[in-house]
Amino acid sequence: MVQAKTWVLTRHFEGFPKDSNFELKLEQLPEPKDGEVLLEALFLSVDPYMRPFSRVRMKEGEVMIGTQVAKVIQSINPAFPVGCHVVGRCGWRTHTVSDGTGLRCLLSDWPQDVSMSLALGAIGMPGLTALYGLEEVLGLQAGETLLVNAAAGAVGSIVGQIAKIKGCRVVGSTGSNGKVAFLKELGFDEAFNYKTVNSLEEVLKTASPDGYDCFFENVGGLFSSVAIPQMKEFGRIAVCGSISTYNDTNPQTGPYPHLTMIFKQLKMEGFMVGRWEHKNPESLRRLMAWKKEGKLQCREQVTEGFENMPAAFMGMLQGENIGKAIVKV
């Protein structure tokens, strides 16, 4: 019998998450049956989507949702032999008995000098989100100007780098001077700290006086209201996230963008990464190739210890991470 540690959502979040929203529990796992495997978590992901999705995808008392990289330590499933490594949506738990549904083996030729934690970041869901948002939603073309906010985060930092690979001009907004310096290291053409500028409108105009062809939206709220009027005619907006609104107890109101969208004939589309799951094998290999060629830098903020999952999650929501926020078991 294996004992798993799990983090349970005790109460749905009201406003910003608190320690009291979580409880660490122990769970006795049964021996794997035919077709099942026993997984041991190595790295767990904390992501912004967990905040809004927990409300619609979870009941109180359930194990927190999330993805992890795990090692197969027992197997009665030939597709997942002992010793192989998988990515799975197992939630916040140290051990899992799985029938293999939803598990994905890491790339068979995963380089030994690349941390497997990147399968939760640049060579995983956030990297795929960046890639599909740029290619499938925005149709980004060489020579265009792209605006991305939350630009030093797990998705935004990859968005900017892929846009540069594609020959675009990139403007990034982020929340600290240290993150601005990081974006400059990544090759962003312009980067600014939205918390310290006198006028968001003016800094956006200065960064790209002719406006923006594309906008990769991760923040929503006031930023979106200011940025949309800066779009060029026939501009395209990919709505990936709205992190500025996730912890609101009262919904934010206007201004509303409809007239601007009509006059400028803008296209705005929300998306989730699972829409293009059929492309993932090829897309992950492209991301890994860029990583090996040195075209993709993959910064991580690693928190040690499963017991620190809630702290890592709340820190990520407060913008403490540069790049991908990861918990190492």
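**View 1. Salt bridge within helix α5 of the predicted model.** K205 counts as partly exposed, at 36% relative accessibility. Its side chain meets that of E201 in a salt bridge, with an N to O distance of 3.2 Å. Both residues belong to helix α5 (residues 200-207) and are 4 residues apart, about one turn of the helix. E201 is likewise partly exposed, its relative accessible area being 36%. Elsewhere, E135, K166, E282 and R286 are joined into one network by salt bridges that share partners.

**View 2. Salt bridge between R55 and E14.** The closest N and O atoms of the pair are 3.0 Å apart. Because R55 lies in helix α1 and E14 in the loop between β1 and β2, the pair ties together parts 41 residues apart in sequence. R55 is partly exposed at 39% relative accessibility, whereas E14 is exposed at 54%.

**View 3. Salt bridge between R93 and E27.** Here the closest N and O atoms are 3.1 Å apart. R93 is placed in the loop between β5 (85-88) and β6 (95-98) and E27 in strand β2, so this pair links parts 66 residues apart in sequence. R93 is buried, with a relative accessible area of 10%; E27 is partly exposed, with 29%.

**View 4. Surroundings of helix α9 (residues 309-317).** The helix is largely enclosed by the rest of the structure, because 8 of its 9 residues are buried. Among the buried residues are F313, M314 and L317. Their cover includes β1 (2-9), α1 (50-57) and β15 (324-328). Just after α9, G319 adopts a positive phi of about 80°.

Notes
Residues are numbered from 1 along each chain as its sequence is written. This is a predicted model: local features need pLDDT of at least 70, side-chain atom pairs count only at pLDDT 80 or more; totals for chains, interfaces and linings use all residues. Side-chain values use heavy atoms; hydrogens and water are left out. Buried means under 20% relative accessible area, exposed over 50%, partly exposed in between (1.4 Å probe, protein chains only). Helices (H or I, at least four residues) and strands (E, at least two) are DSSP runs, numbered from the N terminus. Contact means heavy atoms within 4.5 Å. A salt bridge is a side-chain nitrogen of Lys or Arg within 4 Å of a carboxyl oxygen of Asp or Glu.
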